[in-house]
Amino acid sequence: DRDNALVNLLKAKCQLEVKEAEDKESIGPGHVYLAPSDHHLLVEADRTLALSVDELVLYSRPSIDVLFESAADAFGPRLAGVVLTGANEDGAQGLRAIHAAGGLALIESPLTAYAPTMPAAALAACAQARALTIDALQSHFLELAEG
């Protein structure tokens with residue numbers, strides 16, 4: 001199915017463990033969790049994951065805003081959020097929540113994004129975010145990992 005195809009694609013391209021998130025699962029280091037189809041993914045205060053079928057947000061479920069806002073509450077200044085290319089405004093309010101909680105807010109530059117709507121909306125909602133090209137984002141994360 002489509003969800004497993006994305007998990008398998010990312011597993012082939014990533015050195016981290018990639019999996020579909022399960023309700024009440026503990027967050028493990030070095031893991032990438034994907035929201036199951038038609039479920040919001042949230043981070044709980046006890047650093048576990050939760051799944052929800054609450055209402056759509058900006059016509060989406062899963063919603064980036066739901067994930068980012070819950071992660072900002074759980075991790076505060078220890079969180080980095082990145083909004084990449086996309087064709088709607090999902091993620092903009094969540095990135096603002098990450099910044100307000102003291103986290104790092106990054107955006108793929110709308111000037112170089114394949115679909116600039118999402119990063120442009122995030123930049124409008126969170127003017128303090130750093131807009132970088134994909135290559136610069138990669139370099140920035142490598143520097144953070146080394147430092």
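This briefing covers the overall fold, two helices with buried faces, and three individual residues. The model is predicted. Its chain has five helices and seven strands, arranged along the sequence as α-β-β-β-β-α-β-α-β-α-β-α. The radius of gyration is 15 Å, close to the 15 Å that the globule rule gives for 147 residues, so the chain is as compact as a globular protein of that length.

**Overall dimensions and surface**

- The C-alpha trace spans about 35 × 35 × 30 Å along its principal axes.
- Of the 147 residues in the chain, 37% are buried.
- The accessible surface is about 8700 Å², and carbon and sulfur atoms account for 54% of that area.
- Among contacts between residues at least 6 apart in sequence, 52% link residues at least 24 apart.
- There are 10 positive and 21 negative side chains in the chain, and the centres of these two sets are 3 Å apart.

**Helix 3 (residues 92-100)**

- Four residues of helix 3 are listed as buried, namely A92, G94, L95 and I98.
- These buried residues cover an arc of only 165 degrees around the axis, which puts them on the same side of helix 3.
- The packing partners of the buried residues are helix 2 (64-75), strand 5 (80-83), strand 6 (104-108) and helix 4 (117-125).
- After helix 3 comes G102, with a positive phi near 95 degrees.

**Helix 4 (residues 117-125)**

- In helix 4, the buried positions are M118, P119, A121, A122 and A125.
- Their arc around the axis is only 160 degrees, which puts them on the same side of helix 4.
- Helix 2, strand 5, helix 3 and strand 6 are the elements against which the buried residues of helix 4 pack.
- Helix 4 is thus listed among the partners of the buried residues of helix 3, and helix 3 among the partners of those of helix 4.

**E69, in helix 2**

- E69 belongs to helix 2 and is partly exposed, its relative accessible area being 35%.
- Not counting residues up to four places away in sequence, E69 touches Q93, G94 and A97.
- Of these, G94 is one of the buried residues of helix 3.
- E69 and L95 are separated by 26 residues in sequence, and their C-alpha atoms are 7.7 Å apart in space.
- L95 is likewise among the buried residues of helix 3.

**H140, in helix 5**

- H140 sits in helix 5, which runs over residues 134-146.
- With a relative accessible area of 13%, H140 falls under the 20% cut-off and therefore counts as buried.
- Setting aside neighbours within four places in sequence, the contacts of H140 are L104, L106, R130 and L132.

**H31, in strand 2**

- H31 is located in strand 2, residues 31-34.
- The relative accessibility of H31 is 33%, and the residue counts as partly exposed because that value lies between the 20% and 50% limits.
- Its contacts, leaving aside neighbours within four places in sequence, are E17 and K19.
- H31 and R61 are 30 residues apart in sequence, with 22 Å between their C-alpha atoms.

Methods: Residues are numbered from 1 along each chain as its sequence is written. This is a predicted model: local features need pLDDT of at least 70, side-chain atom pairs count only at pLDDT 80 or more; totals for chains, interfaces and linings use all residues. Side-chain values use heavy atoms; hydrogens and water are left out. Buried means under 20% relative accessible area, exposed over 50%, partly exposed in between (1.4 Å probe, protein chains only). Helices (H or I, at least four residues) and strands (E, at least two) are DSSP runs, numbered from the N terminus. The arc is that of the directions from the helix axis to the C-beta atoms. Contact means heavy atoms within 4.5 Å. The radius of gyration is taken over C-alpha atoms; the globule rule is 2.2 Å times the number of residues to the power 0.38. Accessible areas come from the Shrake-Rupley method with a 1.4 Å probe; for residues, only the protein chains shown count as cover. Lys and Arg count as positive and Asp and Glu as negative; His and the chain ends are not counted. The place of a charge is taken as NZ of Lys, CZ of Arg, CG of Asp or CD of Glu.
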